[in-house]
Amino acid sequence: MAALAPAREVFCYGVAASELAARHLALALGRIGRRARFVGETGFALADALLAVGQGDAVVIFQPGRELPELTVLVERARAVGAKVVLVTDELGETFASRVESVLTAPHTPTGITAESLTGLVVADVLLLALTALDETRAVESSHQLTALREQLLAPRRKG
């Protein structure tokens, strides 16, 4: 929590099966009053998203097992600008432990019975619950604002 709680903005990175957990975390963080964005670009396109990462930010990376070049570049960029990194992974913890603030293990079942993204989603929800508990007032206020906006969007249109 020490990496995420004080963050100015949280960048949630995930590709392929990990994209779902990253998108979920970014959306839900916004719903509890925290600035967050999903990042899912790969290759040269990722460079544009990396420009926005700065000091005081946090990056949550959902990457189960394959050490993609993007992962290394993202971690190095965060370190260079003073952003904190949380890695949610199944197999890459030892590889990146010395370069990130926190490694959270999201194991995948060897049988493939559960969906590949399930454990990443569970970890994302645990992070959300912890951040909500740290600033319940902000989370409740954001929830009320979200509800009010939704009600406005659902209100019948008046013919005028």
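Is E9 buried or exposed? At 5% relative accessibility, E9 counts as buried; the term buried stands for a relative accessible area under 20%, exposed for over 50%, and partly exposed for anything in between, computed with a 1.4 Å probe on protein chains only. The views below come from a predicted model, in which local features need pLDDT of at least 70 and side-chain atom pairs count only at pLDDT 80 or more, while totals for chains, interfaces and linings use all residues. Residues are numbered from 1 along each chain as its sequence is written, and side-chain values use heavy atoms, with hydrogens and water left out.

**Figure 1. The whole chain has six helices and five strands.**
Helices (H or I, at least four residues) and strands (E, at least two) are DSSP runs, numbered from the N terminus. In sequence order these elements give the pattern β-α-β-α-β-α-β-α-β-α-α. The C-alpha trace spans about 60 × 40 × 35 Å along its principal axes. The chain has 160 residues, and 38% of them count as buried. Among contacts (heavy atoms within 4.5 Å) with a separation of 6 or more, 71% are between residues 24 or more positions apart.

**Figure 2. The five strands make an open, parallel sheet.**
The strand order across the sheet is β2-β1-β3-β4-β5. Strands β2 (36–39) and β5 (102–105) are the edges, each pairing on one side only. From one strand to the next, the twist averages 20°. Two strands are said to pair if DSSP finds at least two bridges between them.

**Figure 3. Strands β1 and β3 run parallel, and helices pack on the sheet.**
Strand β1 (residues 10–14) is joined to strand β3 (residues 58–62) by five bridges. Opposite V10 stands A58, a residue of β3. Helix α1 (residues 19–31) packs on the sheet and touches β1, β2 and β3, with a direction that makes about 160° with that of β1. Helix α5 (residues 118–134) also packs on the sheet, where its contacts are β3, β4 (84–89) and β5; its direction makes about 130° with that of β5. For these angles, axes are lines fitted to C-alpha atoms, for helices over the stretch in contact, and values run from 0 to 180 degrees between N-to-C directions.

**Figure 4. Strands β1 and β2 are connected through helix α1.**
Four bridges pair β1 with β2 in the parallel sense. One residue to look for is C12, whose bridge partner in β2 is F38. The chain passes from β1 through α1 to β2 in a right-handed β-α-β crossover. Right-handed here means that, with the strands pointing away from the viewer, the path from the first strand over the helix to the second runs clockwise.

**Figure 5. R8 and D57 form one salt bridge in the structure.**
Side chains of opposite charge can pair when their charged atoms come close. A salt bridge is counted when a side-chain nitrogen of Lys or Arg is within 4 Å of a carboxyl oxygen of Asp or Glu. The whole structure has five of them. In the pair shown, the closest N and O atoms of R8 and D57 are 2.7 Å apart. R8 is in the segment before β1 and D57 in the loop between α2 (45–51) and β3, so the pair links distant parts of the chain, 49 residues apart. R8 is partly exposed, at 46% relative accessibility, whereas D57 is buried, at 1%.

**Figure 6. E9, R35 and R37 belong to a network of salt bridges.**
Between R37 and E9, the closest N and O atoms are 2.9 Å apart. Because R37 lies in strand β2 and E9 in the segment before β1, the pair ties together parts that are 28 residues apart in sequence. R37 has a relative accessible area of 34% and is partly exposed.

**Figure 7. R23 and E19 form a salt bridge within helix α1.**
Their closest N and O atoms are 2.6 Å apart. The two residues are four apart in helix α1, and therefore separated by about one helical turn. R23 is partly exposed at 44% relative accessibility, and E19 is partly exposed at 28%.

**Figure 8. R34 is buried yet has no salt bridge.**
R34 is in the loop between α1 and β2. The nearest side chain of opposite charge, D135, is 4.8 Å away; in this count Lys and Arg are positive and Asp and Glu negative, while His and the chain ends are not counted. Apart from neighbours within four places in sequence, R34 is in contact with L4, A5, L29, L131, D135 and R138.
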